[in-house]
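This report sets out the fold and local environments of one protein chain. The sequence and coordinates are shown below for reference.

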Amino acid sequence: MPSSNETTPASAYFRTDIDLPESSFDLFNRYSSIPRDAVLRHVLDLREKAWKVFKYPCVGACAFAITAINEHPYYNTLLSDVKTGKTLIDVGTGFGQDLRRVILDCGDQNVSEQLCACDLEERFFLLGQECFLDQGKLGVKFVAADLLEQRAAALEPLQGTFDIVHASYFIHLWGWADQIRVLTSLIGLLRKAQGSVIVGAQIGSWKAYEKDVAVTEAGRMYLHDEESIKRLFREVGTVTGTAWRVEAINWQPETRKGFTEMWKQHPTSTYIQFSAVMLASEAA
Ligand SMILES: C[S@@+](CC[C@H](N)C(=O)[O-])C[C@H]1O[C@@H](n2cnc3c(N)ncnc32)[C@H](O)[C@@H]1O
């Protein structure tokens, strides 16, 4: 989340005006069988528990209860690909809400064994299972690994096995140089074949720039516009011997209160949704 204020206290991220979109009520109701009028209480209780451990903006804002994947212009293609057997890894998955959305939207077809969730922080996996009430029921593979590391040991058996990488509010956690490292590691996870895809959404900017921030571990964030994200994939393409067709939409959606408030507080920030489809790979 954008913040240029080095001294913002963690308590500022604990929002009191939580306003979940309809898609969250639908997910908790149909996936987790929680009555609609009990959803908000359930989410706030989970936040209380998570906040004791993680004073992160995404926890304070209950972002773990809001899915991004289904709002992506690439979602219908992604969903039909998963339904035809393609594999997907959600990187920086957090509580894993986006994977639950995919599972729900695949209906009676059980796709969970085609899905994988990766995060640095293993404790998010258990919190996610408590949040979505699917402890012991889920076929998804959960892998704790540092995606900044090239070929992290825990991911070694999964190198080159995925058709789709999904990354929500993830790649923006770093400055340009580290984004190249993270993308190189994500490309390592993909099958080296035409049509493999990296799809995601994150905070962007009307005009791309890099800034110092206190809110992330790395202390730098590069916020993209449409041109810079294409340039990022050209550069990582050179590093990895791959070529990409990149599409991006950079805008200020007003689809929920959280967004509207964000644009008021950060008028130059945007929401950028992108898809990068592999056209060629020297390793193919
Ligand atoms: C802003 S949260 C986004 C969570 C989720 N994708 C969402 O959209 O709500 C970023 C996530 O990336 C994870 N993360 C941060 N650095 C990482 C790294 N080096 N490798 C893997 N995961 C990392 C964090 O633990 C956190 O769960």
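The sections that follow treat the sheet, its central strands, the nonpolar core, the ligand shell and selected individual residues. The model is predicted.

**The sheet**

Seven strands make up an open sheet of mixed pairing, in the order β3-β2-β1-β4-β5-β9-β8. Its edges are formed by β3 (141–144) and β8 (242–251), each of which pairs on one side only. From one strand to the next, the twist averages 20°. Helix α8 (residues 226–240) lies across β8 and β9 (269–281), and its direction makes an angle of about 160° with β8.

**Strands β2, β1, β4 and β5**

Within this order, three parallel pairings can be followed strand by strand. Strand β1 (residues 88–91) pairs with strand β2 (residues 115–119) in the parallel sense over four bridges. Strand β1 also pairs with β4 in the parallel sense, again over four bridges. Strand β4 (residues 164–168) in turn pairs with β5 in the parallel sense, over five bridges. Selected residue partners across these pairings are listed in the table.

| Residue | Partner | Strand of the partner |
|---|---|---|
| I89 | C116 | β2 |
| I89 | V165 | β4 |
| I164 | V197 | β5 |
| H166 | V199 | β5 |

I89 thus has a partner in β2, namely C116, and another in β4, namely V165.

How many residues of β4 are buried? Five of its five residues are, and the strand is accordingly described as mostly covered. In a regular strand the side chains alternate between the two faces of the sheet. Both faces of β4 are covered, with I164, H166 and S168 buried on one side and V165 and A167 buried on the other. Strand β5 (residues 197–205) is likewise mostly covered, eight of its nine residues being buried.

**The nonpolar core**

In soluble globular proteins, nonpolar side chains tend to be buried together. The largest nonpolar core of this model contains 71 residues, and I89, V91, V165 and L186 have the most contacts inside it. Residues up to four places away in sequence aside, V91 touches C118, L147, V165, A167, F170 and L186. V165, one of the residues with the most contacts in the core, is also the bridge partner of I89 in β4.

**L88 in strand β1**

L88 lies in strand β1. This residue is classed as buried because 24 other C-beta atoms lie within 10 Å. When neighbours within four places in sequence are left aside, its contacts are V82, Q114, L115, F162, D163, I164 and H166. L88 and V165 are 77 residues apart along the chain, yet their C-alpha atoms are separated by 5.7 Å.

**The ligand shell**

Which residues come nearest to the ligand? Of the 18 residues around the ligand, they are G92, G94, L120, L147 and S168. By class, the shell comprises 11 nonpolar, four polar and three charged residues. Two of the nearest residues, L147 and S168, also appear in other settings: L147 is among the contacts of V91, and S168 is one of the buried residues of β4.

**Loop residues**

Three loop residues illustrate separate classes of exposure. Most residues other than glycine have a negative phi, and most peptide bonds are trans. C62 has a positive phi of about 55° although it is not a glycine. This residue is found in the loop between α3 (57–60) and α4 (75–83). C62 counts as buried because it has 22 C-beta neighbours inside 10 Å, where 20 or more are required.

Y169 is another residue other than glycine with a positive phi, in this case near 50°. Y169 lies in the loop between β4 and α7 (176–189). Is Y169 buried, exposed or partly exposed? With 18 C-beta neighbours inside 10 Å, Y169 counts as partly exposed.

N110 is located in the loop between α5 (97–105) and β2. N110 counts as exposed because it has 10 C-beta neighbours inside 10 Å, and the limit for that class is 12 or fewer. The C-alpha atoms of N110 and L138 are separated by 10 Å, with the two residues 28 residues apart along the chain.

Terms used
Residues numbered from 1 in each chain as written. Predicted model: local features only at pLDDT ≥ 70, side-chain atom pairs only at ≥ 80, totals over all residues. Pairing = 2+ DSSP bridges. Helix = DSSP H or I, 4+ residues; strand = E, 2+ residues; numbered from the N terminus. Axes fitted to C-alpha atoms, helices over the stretch in contact; angles between N-to-C directions. Contact = placed C-beta atoms within 7 Å. Near = placed C-beta within 6 Å. Nonpolar A, V, L, I, M, F, W, Y, C, P; charged D, E, K, R; others polar. Core = buried A, V, L, I, M, F, W, Y, C linked by C-beta atoms within 7 Å.
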